[in-house]
Amino acid sequence: MTTELHQLLPRVIEICKEVGDFIEREMQNFSKGSVEYKTANDLVSYVDRRSEILLCEALDKLHPGLGFETEEQQLIRKGTTRWIIDPLDGTTNFIHNLPSYAISVALMIEGEIQLGVVYEITQQNVYSAVKHCNSCKNGKPIQVSSNTLFQNSLIATGFPISDFETKNNYLQFLGTLMNQTRGVRRLGAAAVDLCYTAEGKFDLFFEPQLKSWDVAAGALIVEGAGGAVYDFKKTKNFGLPKGLFDGTPFPAQLFLWTLILWGLLSWALLLVLKLFHGNSWTWSYSGSLWWYSFFYWLLTMPFQTLFEELVFRYW
């Protein structure tokens with residue numbers, strides 16, 4: 001199997017480069033008037049759709065009959081062995097001519113990602129991986145950061161583009177990371193974030209609300225570079241995640257336990273507040289919920305400071 005995948009890899013890379021050339025040509029005369037909206041913050045254009053068709057047609061000729069799981073759903077074909085494709089990860093960057101967008105192609109066989117290619121178009125960098133083998137950038141092996149101190153970490157993230165009810169939790173935790181690391185960066189293309197983590201530019205990447213085509217190739221590339229990859233339930237089911245974090249093994253595991261412990265603390269304080277408030281779980285928004293929010297903030301402030309000190313400095 002590994003030999004066959006290594007024979008397949010150069011052709012997949014060639015296909016990604018060919019479609020990348022098409023995307024670069026279209027950039028020269030691209031008009032923002034051709035942009036469509038899947039949601040208010042989720043954009044698409046004819047370049048995404050045409051690129052997806054080109055990828056699917058070429059990959060189907062390369063290995064006929066396999067399934068397809070694609071972002072724009074130009075070709076839908078079910079199968080336990082299938083290509084997982086994001087034809088233009090970082091569409092908003094492309095539309096605004098920001099140089100961080102990529103093609104992501106992964107091959108899933110019987111539920112496991114076995115091959116992954118991310119082509120960073122503007123930089124013409126090819127990141128690739130075959131399962132159980134070293135990941136490469138432009139044919140040369142890469143490795144995740146050797147950093148073991150969280151306070152020395154540079155973090156990458158992506159912002160939620162929907163389900164904004166959870167944004168306050170995200171922003172609160174983002175603030176903690178800002179206080180306790182070297183900083184947080186947001187490039188706007190998850191596949192690129194993953195590859196930069198794989199080669200040690202970032203120590204950790206996390207993002208909620210991801211899809212399989214966002215991360216399937218990049219997650220395999222991180223693992224092949226010696227990194228650890230989990231979803232927010234500490235599973236490795238990154239074929240269809242709702243959120244993902246990855247990076248150098250120590251910071252990634254620390255980040256996971258931070259999420260777990262902070263979640264337990266929040267629920268414990270919620271229970272205490274409920275006991276003080278009464279037996280009913282149904283509170284009016286205008287009155288009781290305001291008081292709940294105030295006391296929750298008041299109680300968590302000293303606990304949060306202590307929590308950050310213990311976890312990030314003395315873990």
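Reader: How do β3 and β4 run, and how many bridges join them?

Author: This is a predicted model, so everything here is read off computed coordinates. One residue match to look for is E69, which stands opposite I84 in β4. The two strands, β3 and β4, run parallel, and the number of bridges joining them is four.

Reader: Which strands stand at the edges of that open sheet?

Author: The sheet has seven strands with mixed pairing, in the order β3-β4-β5-β6-β7-β8-β9. A strand with a single partner has one side left without a neighbour in the sheet, so the edge strands are β3 and β9 (140-141).

Reader: Are the two faces of β3 covered or not, and which residues show that?

Author: Side chains alternate between the two faces in a regular strand. In β3, one side carries G67 and E69, and the other carries F68 and T70. Each of these is buried, so to speak for both faces: they are covered, as shown by G67, E69, F68 and T70.

Reader: Which residue in β6 does A102 stand opposite?

Author: Look along strand β5 (residues 102-109) and strand β6 (residues 112-120), which run antiparallel and are joined by eight bridges. A102 has its counterpart in β6, and that residue is E120.

Reader: What kind of aromatic pair do F30 and F94 form?

Author: The distance of the centres and the angle of the planes describe a pair of rings. Here the centres are 5.1 Å apart and the planes of F30 and F94 sit at 65 degrees. Planes over 60 degrees apart get their own label, so the F30 and F94 pair is edge-to-face.

Reader: And how far apart in sequence are the parts that F30 and F94 tie together?

Author: F30 and F94 are both buried. F30 lies in the loop between α1 and β1, whereas F94 is in helix α3, so the parts tied together are apart by 64 residues.

Reader: Which residues form one aromatic cluster with F30?

Author: A search of the whole structure turns up six aromatic pairs. One of them is F30 with Y46, stacked at 6.0 Å centre to centre with 25 degrees between the planes. F30 is buried at 14% relative accessible area, whereas Y46 is partly exposed at 35%. The cluster joins F30 with Y46, F94 and Y101.

Reader: How far apart are the closest N and O atoms of R77 and D60?

Author: Side chains of opposite charge can pair when their charged atoms come close. R77 is partly exposed at 27%, and D60 is partly exposed at 22%. They form a salt bridge, with the closest N and O atoms apart by 3.0 Å.

Reader: Is E199, the salt-bridge partner of K137, buried or exposed?

Author: K137 and E199 bring their closest N and O atoms to 3.1 Å. The pair links distant parts of the chain, with K137 in strand β8 (residues 136-137) and E199 in the loop between α5 and β12, 62 residues apart. The cut-off for buried is under 20%, and at 18% relative accessible area E199 is buried.

Reader: Which residues are closest to the centre of the second largest pocket?

Author: This pocket holds about 850 Å³ of space. Its lining divides into 12 nonpolar, 11 polar and 11 charged residues. Among the elements that each supply at least two lining residues are β1 (36-39), β4 (82-89) and α6 (212-224). Of the 34 lining residues, the closest to the centre are N41, D42, E71, I161 and D214.

Methods
Residues are numbered from 1 along each chain as its sequence is written. This is a predicted model: local features need pLDDT of at least 70, side-chain atom pairs count only at pLDDT 80 or more; totals for chains, interfaces and linings use all residues. Side-chain values use heavy atoms; hydrogens and water are left out. On a 1 Å grid over the protein atoms alone, a cavity is a set of points where a 1.4 Å probe fits but cannot get out, and a pocket is an open set with protein on both sides within 12 Å along at least five of seven lines; lining residues have an atom within 4 Å of a point. Grid points are joined across faces, edges and corners, and a volume is the space filled by probe spheres set on the points. Ala, Val, Leu, Ile, Met, Phe, Trp, Tyr, Cys and Pro count as nonpolar, Asp, Glu, Lys and Arg as charged, and the others, Gly among them, as polar. A salt bridge is a side-chain nitrogen of Lys or Arg within 4 Å of a carboxyl oxygen of Asp or Glu. Buried means under 20% relative accessible area, exposed over 50%, partly exposed in between (1.4 Å probe, protein chains only). Two strands pair if DSSP finds at least two bridges between them. Rings of Phe, Tyr and Trp (its six-membered ring) pair if their centres lie within 6.5 Å; planes under 30 degrees apart count as stacked, over 60 as edge-to-face and the rest as tilted.
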